[in-house]
Amino acid sequence: MSLSELLRPSGALADVDPQSMPGFDGDVAEAKAALKQIRGELAELQEKLYANGLSGDNRSVLLVLQGMDTSGKGGVIEKVAGAVNPQGVDITSFKKPSDEELSHDFLWRINKALPQAGKIGVFDRSHYEDVLIVRVHGLAPIGEIERRYAAINEFESAYAESGGTIIKCFLHVDQDTQKERLAARLEDPEKHYKYRPGDLDERALWGAYTEAYQIALERCSTDVAPWHVVPSGHKPYRNWAVATLLLEALRDLKLDWPTPSFDVEAEKKRVAGL
C-alpha cells in the first residue's frame, strides 16, 4: 500500500495518534535520514516536470498544507520544497483576505495562485480557510459555508482535468505538542517572530477547529483530490511523509525528459565548429 493510500482519512481525527509514524518502520532519527535519501529523486522528477512544462506539457502539481498553529507548515516548506530547484516551485501563503479579494468569490484569489504548467505550487493555508476559520468564527452564514464544500470539489476537479495533480495534507498535532512548541518559540529570541499572542485565542477553540477539519476532510476528500492526515508530532516523520507523498505523485506522472525540437547531432556539429 502506498503512503498516499495509508494516510487517507477513514474515521475520526481523534482516532489518529499525532505521535504515530504510519508507513515508516524506523525511529525518528532514521526518518530524518530517510528524507535525505529521497531528495535526489525528488529533485530529478521536479526538474523533469519543469522541463516538460517548457515543452508544452500542461501538467503541474499542487501541494496544499493545512494544520493548527505549530503543526509545521513552514518546516515542511523548508525541508520538502527546499529539496528541489526553487525555479520550479511557487509558494503562496494565504493570509486574511484583502478588501479586493473579499469583493470576489472566495476561490478567486486561489485560482490566481494555481501553479503554471511544469511548476509545483505550495499553498501555506489555502481555500480551506474559507470553511475552517470562517466556520469556527461564524464569518459567513452556514448556508454559504455548505455551498463552499461543493464549490471546492468542483474547483479541484477542474484543476485536475486541466492537468493538475493535487496533494492535500492536514498536519495533525495534539494540544500538548502545540503547547511545547509555543513555549519553545518564547524561549528562543530567533523564533519570537513566529509567535503571535492571538494563537492562544485560537487554541481555546481547539474543539471547534477539530470539528471543522473533520467536516472538511469528510466533504472534500475525493478520488482526484484526496486528503491525507499526516501525524506531525515528530517533525522528521512529518517532513519525510509529505516528501514521500510528493514523490509518489511525481512518480505517477511517469515523467521523462522531453524530446528536443531540434536535431541534436546537427547542433553538436555546429557547437564543435565554434
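How do the residues of the lining of the largest cavity divide into nonpolar, polar and charged? Let's walk through this predicted model and find out.

The structure holds one cavity of 30 Å³ or more, and the volume of the largest cavity is about 60 Å³. Its lining is made by Leu63, Leu65, Val76, Ile77, Val80, Ala81, Val84, Val89, Ile120, Val122 and Leu246. E1, H3 and E3 are the elements that each give two or more residues to that lining. As for the opening question, the lining has 11 nonpolar residues, no polar ones and no charged ones.

From here we can follow the chain out of those elements. Between strand E1 (60-67) and helix H3 (73-79) runs a loop that holds Thr70. Thr70 is not a glycine, yet it has a positive phi of about 75°. Most residues other than glycine have a negative phi. Thr70 also counts as buried, because its relative accessibility is 7% and the cut-off for buried is under 20%.

A second loop, between strand E3 (120-124) and helix H6 (129-136), is the place of Arg125. Arg125 is another residue other than glycine with a positive phi, near 70°.

That loop leads into H6, where Glu129, Asp130, Val131, Leu132, Val134 and Val136 are buried. Since six of its eight residues are buried, H6 is largely enclosed by the rest of the structure. What do the buried residues of H6 pack against? Their partners are E1, helix H7 (142-161) and helix H10 (206-219), so E1, which also gives residues to the cavity lining, comes up again here. Just after H6, Gly138 takes a positive phi of about 60°.

Note on methods
Residues numbered from 1 in each chain as written. Predicted model: local features only at pLDDT ≥ 70, side-chain atom pairs only at ≥ 80, totals over all residues. Heavy atoms only, no water. Helix = DSSP H or I, 4+ residues; strand = E, 2+ residues; numbered from the N terminus. Buried < 20%, exposed > 50% of the residue type's maximum accessible area, 1.4 Å probe, protein only. Contact = heavy atoms within 4.5 Å. 1 Å grid on protein atoms, 1.4 Å probe; cavity = no way out; pocket = protein on both sides within 12 Å on 5 of 7 lines; lining within 4 Å. Points joined across faces, edges and corners; volume = space filled by probe spheres on them. Nonpolar A, V, L, I, M, F, W, Y, C, P; charged D, E, K, R; others polar.
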